[in-house]
Amino acid sequence: MAQARLDREVMARVTADFERFEREQTGPGEHEKLHALAGQLTLRYAGRPGEQAAAHAHGHACCG
Amino acid sequence: MQRKWVVSLAIDGQDEITAEGTMNAIDQLMAEHELIVEVLDALDGYASNVERGTEVEPSDLAELVRFLREFADGCHHAKEEGILFAAMEQAGFPREMGPLAVMLAEHEQGRGYIARLRAVATVLPTGRRRIAPSSPLRPTITRRCCAVTSPRRTASCFPWPRLGSTVRSWRA
């Protein structure tokens, strides 16, 4: 039996590395533009506004 | 820039209650994951239109592909593979079996499917049109790829929330 854990400190480092990745790899506003694009496509083809895409307008979602 | 979640509720006309907090890595992945699933639903809707013989806008297929390449793969999968999975490996999760192996294989499968869709999107003529049943492009659009639909499955099966909780364990 193998067991592995991610401690709180590791998770904090992963979160910080996520933030750095997005700063370095994604241009300003690009994440938000893709989020808006997702909203348009979902509305057009999934027949409803996506909850995540709609949430962005209120600052709930991943680009918060 | 720390990502935040904000929830506002107003019940039965009472004053609105607002709560907020900082998103950790797992919260971010879950939120991104939900967004990707929503766009996969849109891709599914596009494919259904093609199957029904409804006119579709070719540039929208290109936009669906762009989202999946730039957001799902270029951002979400890149963070998982380059940062989270690396941390999991260091913590003892094997790369060759278990959840990491499954997710890495699904990512690769998804990349192949998206590459094929992208190839179709680049050769479709511009302007709304039906895609004829005899078109060699049609099977690529309408074929459902298990790797691309798998986020729905892994969202309910893979223990992302537990990874960030006090349990934080995986047994094989």
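This is a short walk through a two-chain model, from its chains to its cores and its confidence values.

Okay, hi everyone. First thing to keep in mind: what you see here is a predicted model. Let's take the chains in turn.

Chain A has 64 residues, and 36% of them are buried. You'll find 3 helices and 1 strand in there, and going along the sequence the order is β-α-α-α.

Chain B has 172 residues, with 30% counted as buried. It holds 6 helices and 3 strands. If you follow it along the sequence, you get two strands, then the helices, then a strand at the end: β-β-α-α-α-α-α-α-β. How much of the contact in chain B, at a separation of 6 or more, is between residues 24 or more positions apart? That share comes to 65%.

Now have a look at α1 of chain B, which covers residues 25-52. From first C-alpha to last, this 28-residue helix reaches 40 Å, and that's close to the 40 Å expected at 1.5 Å a residue. Right after α1(B) comes Gly53(B), with a positive phi near 80°.

So where's the nonpolar stuff? In soluble globular proteins, nonpolar side chains tend to be buried together. Here, the largest nonpolar core has 30 residues, and the ones with the most contacts inside it are Val39(B), Ala42(B), Tyr46(B), Leu64(B) and Phe67(B). Which elements give two or more residues to this core? From chain A it's α2 (30-45), and from chain B it's α1 (25-52), α2 (58-90) and α3 (98-123). The largest share of the core is from α1(B), with 10 residues.

Let me zoom in on Ala42(B). Leaving out residues up to four places away in sequence, Ala42(B) touches Leu64(B) in its own chain, plus Leu41(A), Thr42(A), Arg44(A), Tyr45(A) and Ala46(A) over in chain A. Apart from that big core there's another one, of 10 residues, including Leu6(A), Leu29(B), Leu84(B) and Met88(B).

Last bit: how far do we trust chain A? Its mean pLDDT is 74, and 66% of its residues reach 70 or more. Where in chain A is confidence highest, and where lowest? The high end is α2(A), at 90, and the low end is strand β1 of chain A, residues 3-4, at a mean of 46. Also watch residues 57-62 of chain A: pLDDT is below 50 there, although the stretch has 18 contacts in the model beyond near neighbours in sequence. Where pLDDT is low, the predicted coordinates should not be read in detail. That's it from me, thanks!

Definitions and conventions. Residues numbered from 1 in each chain as written. Chains lettered and ligands numbered in written order. Helix = DSSP H or I, 4+ residues; strand = E, 2+ residues; numbered from the N terminus. Buried ≥ 20, exposed ≤ 12 C-beta atoms within 10 Å, placed from the backbone. Contact = placed C-beta atoms within 7 Å. Core = buried A, V, L, I, M, F, W, Y, C linked by C-beta atoms within 7 Å. Expected span 1.5 Å × (residues − 1). pLDDT = per-residue confidence, 0-100.
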